[in-house]
Amino acid sequence: MITALAGGVGAARFLTGLVRVVDPKSLSVIVNTGDDMELYGLHISPDLDIVAYTLAGIVDEGKGWGFKGDTFQFLESLRKFGCETWFNLGDRDLATHVYRTMRLKQGLTLSEVTVEICGALGLETTILPMTNDKFETHIVTNEGMMHFEEYMVKRGAKDVVLGVEFLGAATAQPADGVLNAIENAELVVVCPSNPVVSIGTILSVKGIRDALKRSNARKVAISPIIAGAPVKGPADKLLRGLGVEVSALGVAKLYADFLDTFIIDSVDIAEKARIEQLGIDVEVTNILMRSLEDKIRLAECIVER
Ligand code: FO1
């Protein structure tokens, strides 16, 4: 059994390679829910949907989120009522949010609804929300504190990051199956996701970091930083805001207490020795995923060790 820790787009792209190398049924993916928010009365789970749509082959591959070929007429109509429409919910995507909200209101947990959504999409892989409890990532900026999606999508990650707050982390419990998936895995893969607001959130849920330390699984992470910059998204701004060096080494330090192997890009070979001094094995290869072949090669490099 293989378990992956995942955020949104970067993780989902890697996982499309992984499910071609291993049996999709043997894979469980623990997904960040810190980006979840309520919009127009709907429960939106951006990262759960990105991972599910990508594995189902229906994601808009250019953007990495939403449905391929979706339209936005619902939002256009909503705009006429004077509503803010900065978060682009497509018409087909909307059905997922309506269904999720309806089932949550009927008393199901987020895990239970996720099973239903994955079933409807024909997925064989198990997708687990990190928690079923309310948990929201807020960014403390020079313009005040705001939800992560407001910081990133509405304001274009332009504000100066002063800190990050995980609202709900003090009481959030791991969702059903999360600790088991870590404890019973042979291999745990930390996807190349944002180490602060995607993996950091998962690690902040009570018991998850301890389960990783306890687990006999081989624990491997792929660096989300190449040559001092993230492949996508605002990881550099968030790391800097928390006083963490924007480098593979900086990220390795965040995972050092549970990680066995860190995979870094060939351009970062100079950091290898310093990461090894943290007690972590280092593999150096090309980790930039441009094509499906790149994703498969990276997945093979992890699985076939
Ligand atoms: N990202 C954007 O940059 N702009 C959007 O308007 C947007 C809408 C959106 C709708 C549904 C969904 O599941 C994801 C969406 N994303 C959008 C992606 C999302 O903001 C982030 O990439 C993740 O939350 C970070 O992993």
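This briefing covers the pockets, nonpolar cores, aromatic pairs and a few individual residues of the structure above. The model is a predicted one. Its largest pocket holds about 850 Å³ of space, and its largest nonpolar core has 49 residues. A search of the whole structure finds 1 cavity of 30 Å³ or more, and 6 aromatic pairs are present.

**Largest pocket**

- The space in the largest pocket comes to about 850 Å³, and 41 residues line this pocket.
- Nearest the centre of the pocket are Gly8, Val9, Gly10, Ile50 and Lys232.
- Four helices give two or more residues each to the lining of the pocket: H1 (9-21), H2 (46-55), H4 (91-105) and H6 (148-154).
- Helix H2 contributes the most to this lining, with 5 residues.
- Sorted by class, the pocket lining has 23 nonpolar, 11 polar and 7 charged residues.

**Cavity**

- Rolling a probe the size of a water molecule over the atoms shows where empty space is left.
- The largest cavity contains about 30 Å³ of space.
- Its lining is made up of Leu48, Asp49, Ala52, Arg100, Thr114, Ile117, Cys118 and Ile127.
- Helix H2 and helix H5 (110-120) each supply at least two of these lining residues.
- By class, 5 residues of the cavity lining are nonpolar, 1 is polar and 2 are charged.
- Helix H2 thus appears in two places, as a supplier of the cavity lining and of the pocket lining.

**Nonpolar cores**

- In soluble globular proteins, nonpolar side chains tend to be buried together.
- Within the largest nonpolar core, of 49 residues, those with the most contacts are Leu5, Ile30, Tyr255, Phe262 and Ile275.
- The elements that each supply at least two residues of this core include helices H6, H7 (178-183), H8 (199-204), H9 (208-214), H10 (235-241) and H11 (248-255). Strands E9 (187-190) and E13 (261-265) do so as well.
- Helix H11 gives the most to this core, with 5 residues.
- Not counting residues up to four places away in sequence, Ile30 touches Thr3, Ala4, Leu5, Ala6, Leu128, Met130, Val178, Ala181, Ile182 and Ile202.
- Another core, of 33 residues, lies apart from the largest one, and its members include Leu48, Ile226, Ile287 and Leu298.
- Leu48 belongs to that other core and also lines the largest cavity.

**Aromatic pairs**

- A pair of aromatic rings is described by the distance of the centres and the angle of the planes.
- One of the 6 aromatic pairs joins Phe135 and Phe166, with 5.7 Å from centre to centre and 35 degrees between the planes, a tilted arrangement.
- This pair links distant parts of the chain, 31 residues apart. Phe135 is in the loop between strands E5 (126-129) and E6 (136-141), while Phe166 is in strand E8 (161-167).
- Phe135 counts as buried because its relative accessibility is 2%, under the 20% cut-off.
- Phe166 counts as partly exposed because its relative accessibility is 23%, which falls between the cut-offs of 20% and 50%.
- Phe148 and Tyr151 form another tilted pair, with ring centres 6.4 Å apart and planes at 40 degrees.
- Phe148 and Tyr151 are separated by about one helical turn, because they are 3 residues apart in helix H6. Both are buried.

**Loop residues with positive phi**

- Tyr40 has phi near 55 degrees, a positive value in a residue other than glycine.
- Tyr40 is found in the loop between strands E3 (37-39) and E4 (42-44), and at 29% relative accessibility this residue counts as partly exposed.
- Ala157, also not a glycine, has a positive phi near 50 degrees.
- Ala157 lies in the loop between helix H6 and strand E8. At 8% relative accessibility, Ala157 counts as buried.

**Leucine 89**

- Leu89 lies in the loop between helix H3 (73-80) and helix H4.
- Leu89 counts as buried, because its relative accessibility is 1%.
- Leaving out residues up to four places away in sequence, Leu89 touches Leu39, Tyr40, Ile44, Phe72, Phe74, Leu75 and His97. Tyr40, in this list, is the residue with phi near 55 degrees.
- Leu89 and Val164 are 75 residues apart in sequence and 25 Å apart in space, C-alpha to C-alpha.

Definitions and conventions: Residues are numbered from 1 along each chain as its sequence is written. This is a predicted model: local features need pLDDT of at least 70, side-chain atom pairs count only at pLDDT 80 or more; totals for chains, interfaces and linings use all residues. Side-chain values use heavy atoms; hydrogens and water are left out. On a 1 Å grid over the protein atoms alone, a cavity is a set of points where a 1.4 Å probe fits but cannot get out, and a pocket is an open set with protein on both sides within 12 Å along at least five of seven lines; lining residues have an atom within 4 Å of a point. Grid points are joined across faces, edges and corners, and a volume is the space filled by probe spheres set on the points. Ala, Val, Leu, Ile, Met, Phe, Trp, Tyr, Cys and Pro count as nonpolar, Asp, Glu, Lys and Arg as charged, and the others, Gly among them, as polar. A nonpolar core is a set of buried Ala, Val, Leu, Ile, Met, Phe, Trp, Tyr and Cys residues joined through side-chain atoms within 4.5 Å. Buried means under 20% relative accessible area, exposed over 50%, partly exposed in between (1.4 Å probe, protein chains only). Contact means heavy atoms within 4.5 Å. Rings of Phe, Tyr and Trp (its six-membered ring) pair if their centres lie within 6.5 Å; planes under 30 degrees apart count as stacked, over 60 as edge-to-face and the rest as tilted.
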